[in-house]
Amino acid sequence: MSPNGKDQTVKLLGKGELLGQRSIISDERTNLSAVALNDIELCYVPKDQIVDPLQNNQVFSFDVLQHLAKDLRDTESSLIDMAQKTVKQRLAQAIMYVEKTFDVDDSGYLNLILSREDYANIVGTATESAIRIISQFKKDNLISTQGKRIKIENLENLKRIE
């Protein structure tokens, strides 16, 4: 949450992904919070079970460094996308990311159901803009919707959004 009280979705985490590792390693209190959008199983690992192996196990330390480097690369990519891609491109990318990360149900709809406001927060735009773009994607037969549920109808053309 920003100082002005506005929520900003920084990342959607899927199965097996980690949360909070940067704060443990930097020994700083996190400025982020997490909200489960679906039922989840969470595994809490006490700080000492991470810090001790980091200090004593080079292989573990290197694995953690690689994971942090990947997170940094992903964050850099997101920052570049925010600066250089249109809202339309970022929204298409967000929908494809949800499909890749959370898969689809038996009917082909994305397994993760997000509100239009959630999509707006992910791509950094106003809710009204997200609603308008999703409507345009529907008109262009790129996606179909059923309530909040989204189904990708034409992945190739969704990838080509300009």
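Start with the whole chain as a surface: about 11600 Å² of it is exposed, and 51% of that area comes from carbon and sulfur atoms. Keep in mind while you look around that this is a predicted model.

Now switch to C-alpha atoms only and line the view up with the principal axes. Along those axes, the C-alpha atoms fill a box of roughly 55 × 40 × 25 Å.

Next, turn on the cartoon. You should find seven helices and two strands. Walk through the chain along the sequence and the order reads α-α-α-α-α-α-β-β-α, with the two strands sitting between a run of helices and one last helix.

Colour by burial after that. The chain has 162 residues, and 25% of them count as buried. If you also draw the contacts with a separation of 6 or more, 58% of them link residues 24 or more positions apart.

Time for the charges. Select the charged side chains and you get 21 positive and 24 negative ones. Put a marker at the centre of each set, and the two markers lie 7 Å apart.

Last stop: zoom in on D81. Which helix holds D81? That's α3, so labelled here over residues 58–84.

Is D81 buried or exposed? D81 is buried, because its relative accessible area is 16%, and the cut-off for buried is under 20%.

To see what D81 touches, show its surroundings but hide the neighbours within four places in sequence. What's left in contact with D81 is R90 and Q93. Select D81, R90 and Q93 together as sticks, and you have those contacts in one view.

Methods
Residues are numbered from 1 along each chain as its sequence is written. This is a predicted model: local features need pLDDT of at least 70, side-chain atom pairs count only at pLDDT 80 or more; totals for chains, interfaces and linings use all residues. Side-chain values use heavy atoms; hydrogens and water are left out. Helices (H or I, at least four residues) and strands (E, at least two) are DSSP runs, numbered from the N terminus. Buried means under 20% relative accessible area, exposed over 50%, partly exposed in between (1.4 Å probe, protein chains only). Contact means heavy atoms within 4.5 Å. Accessible areas come from the Shrake-Rupley method with a 1.4 Å probe; for residues, only the protein chains shown count as cover. Lys and Arg count as positive and Asp and Glu as negative; His and the chain ends are not counted. The place of a charge is taken as NZ of Lys, CZ of Arg, CG of Asp or CD of Glu.
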